Amino acid sequence: MIKPRVEDFALFGGPPIFREKLHVGCPNSGDRSKFLERLNNILDTRWFTNNGPYVQEFEQRIAHMIGVRHCIAACNATIALEMVIRALDLRGEVIIPSFTFIATAHALQWQGITPVFADIDPSTHNLDPASVEQMITPQTSAIIGVHLWGRPCNIEALAEIAARRRLKLLFDAAHAFGCSHKGRMMGGFGDVEVFSFHATKIINSFEGGAAVTNNDVLADNIRLVRNFGFVGFDNVIRLGINGKMTEVSAAMGLTSLEALAGIVEVNRRNYEVYRDGMAGLPGISLMEYDPNERNNYHYIVTEVDPEKAPLNREELLAVLTKENVLGRRYFWPGCHRMAPYGRLYPNAHTGLLQTEHVASQVLALPTGQTITPEIIQIICGIIRCAFENAAEIRRLLGKEPAKV
Ligand code: T4K
């Protein structure tokens, strides 16, 4: 174990231990020459967008890999969510977790649909079916579960509730590309699921997303919505939007998809180095992935328990940030405390006790192709050293008076 000394900490005024900033979300990339070959083809053929050949190939490969009938690529996952919400004709209220990226809520609110925030199960960070059930009203039209960190929602319980209460069931699978649930690839559950291929995701198309479904009618409708509602050149048969993915994005997406196995392998290795490096540290736990499923290991998610850890999450983040380890408090403070929801639903927090608890403890750490085992060992060494010198650190952070 590489162990930095507390007197070397940037908190004491010295240079950061890492010269380069280490981001959560530094993009992974595939074979550059393959991407450039595709880029040249795009320029040569002068087919840049509008359901071009690379978009179609990207869609076919994803549908095949996930085992679904349809994949509809989009310019990003937020627009893909909006398109599926529109194609399903959702209205009124839709139940979602507050513990998610803001896009899940915005995709609804943007269309005049009320996101209703249900609480999470603190052990999975995903929707608590009991809380979902409590939030259902006569206005509810759907539930959107989020497979946070690529770990599946309680799909069976949500499907049972949705069927019994006659609600649509959608999944925001932005984190879950390449992951499985009970041996089946995520993407094939509910009425429809949505992946993100943003630069920061396990595979990326710079910006991008996709809706995947086994429902033929719904797929046709999503395709219509994606292209302004056009059928043919001059016949618009419904309200639509421009949700198309460009050929350059699809070229990147295909190249990235071809690199998926290698990226997952790097992520899994990094996860194991973090797990070993954090072993025995008091009050900090590393989120686990089910070894019996396919995981993309894309997020290193820790929880810092302020009752048991010598430093709380904010203090630890302050130490790490000074060393250029730019951990992220995903998804603090919860959508319900962000605009416009904090103003619209000022009492939402009363039903979101677990969300508030988890959001106050979570700290995501850097991983991916640019992060080596040596870097992770140093990060873990910084945490260990910071914990061992917590009183001194707290004093430097202005939390404890200096000893006289
Ligand atoms: N649903 C869920 C559950 C989601 O998590 C997301 C997106 C969506 C829906 C919507 O998907 P998209 O519409 O975006 O396809 C990032 C991503 O922007 C966002 O896509 C993602 N979730 C979220 C979890 O993370 P931010 O604002 O927290 O981080 P950002 O984009 O500033 O990137 C993080 C860090 O990565 C940067 O500080 C620097 C580094 N970075 C980023 C980019 C873009 C790079 O080094 N290079 C880059 O090119 O949202």
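**Close-up views of a predicted model**

**View 1. Lining of the largest pocket.** By class, the residues lining the largest pocket comprise 19 nonpolar, 15 polar and 5 charged. The structure shown is a predicted model. The largest pocket encloses about 640 Å³ of space. It is lined by 39 residues, of which Phe101, Thr200, Lys201, Tyr330 and Phe331 are the closest to its centre. Helices α3 and α4 and strand β16 (362-365) each contribute at least two residues to this lining.

**View 2. Packing of α3 against α4.** Helix α3 (residues 77-87) packs on helix α4 (residues 102-109) at an angle of about 40°, and the two axes are 9 Å apart. The helices are therefore oblique to each other, and α3 passes α4 in a right-handed crossing. On the α3 side, the contact is made by Thr78, Leu81, Glu82 and Ile85, which meet Ala103, Thr104, His106, Ala107 and Leu108 of α4. Sorted by class, the residues of this contact are 5 nonpolar, 3 polar and 1 charged. Both α3 and α4 also supply residues to the lining of the largest pocket.

**View 3. The cis peptide bonds between β15 and α11.** Most peptide bonds are trans. The bond from Tyr330 to Phe331, however, is cis, with omega near -5°. Phe331 lies in the loop that connects β15 (325-326) with α11 (341-344). Tyr330 and Phe331 are both among the residues closest to the centre of the largest pocket. The peptide bond from Ala339 to Pro340 is likewise cis, with omega near 0°, and Pro340 is also placed in the loop between β15 and α11.

**View 4. The second largest pocket.** The volume of the second largest pocket is about 270 Å³. Its lining consists of Asn50, Asn51, Arg223, Arg226, Asn227, Phe228, Phe230, Val231, Gly232, Phe233 and Lys244. Two or more of these residues come from each of α7 (216-226) and β11 (230-231). The lining divides by class into 4 nonpolar, 4 polar and 3 charged residues.

**View 5. Backbone conformation at Asn50.** Most residues other than glycine have a negative phi. Asn50 has a positive phi of about 65° although it is not a glycine. Asn50 is located in the loop between α1 (32-45) and α2 (53-66), and it is one of the residues that line the second largest pocket.

Terms used: Residues numbered from 1 in each chain as written. Predicted model: local features only at pLDDT ≥ 70, side-chain atom pairs only at ≥ 80, totals over all residues. Heavy atoms only, no water. Axes fitted to C-alpha atoms, helices over the stretch in contact; angles between N-to-C directions. Helix = DSSP H or I, 4+ residues; strand = E, 2+ residues; numbered from the N terminus. Parallel < 35°, antiparallel > 145°, perpendicular 65-115°, else oblique. Left-handed = near helix turned anticlockwise from the far one by under 90°. Contact = heavy atoms within 4.5 Å. Nonpolar A, V, L, I, M, F, W, Y, C, P; charged D, E, K, R; others polar. 1 Å grid on protein atoms, 1.4 Å probe; cavity = no way out; pocket = protein on both sides within 12 Å on 5 of 7 lines; lining within 4 Å. Points joined across faces, edges and corners; volume = space filled by probe spheres on them.
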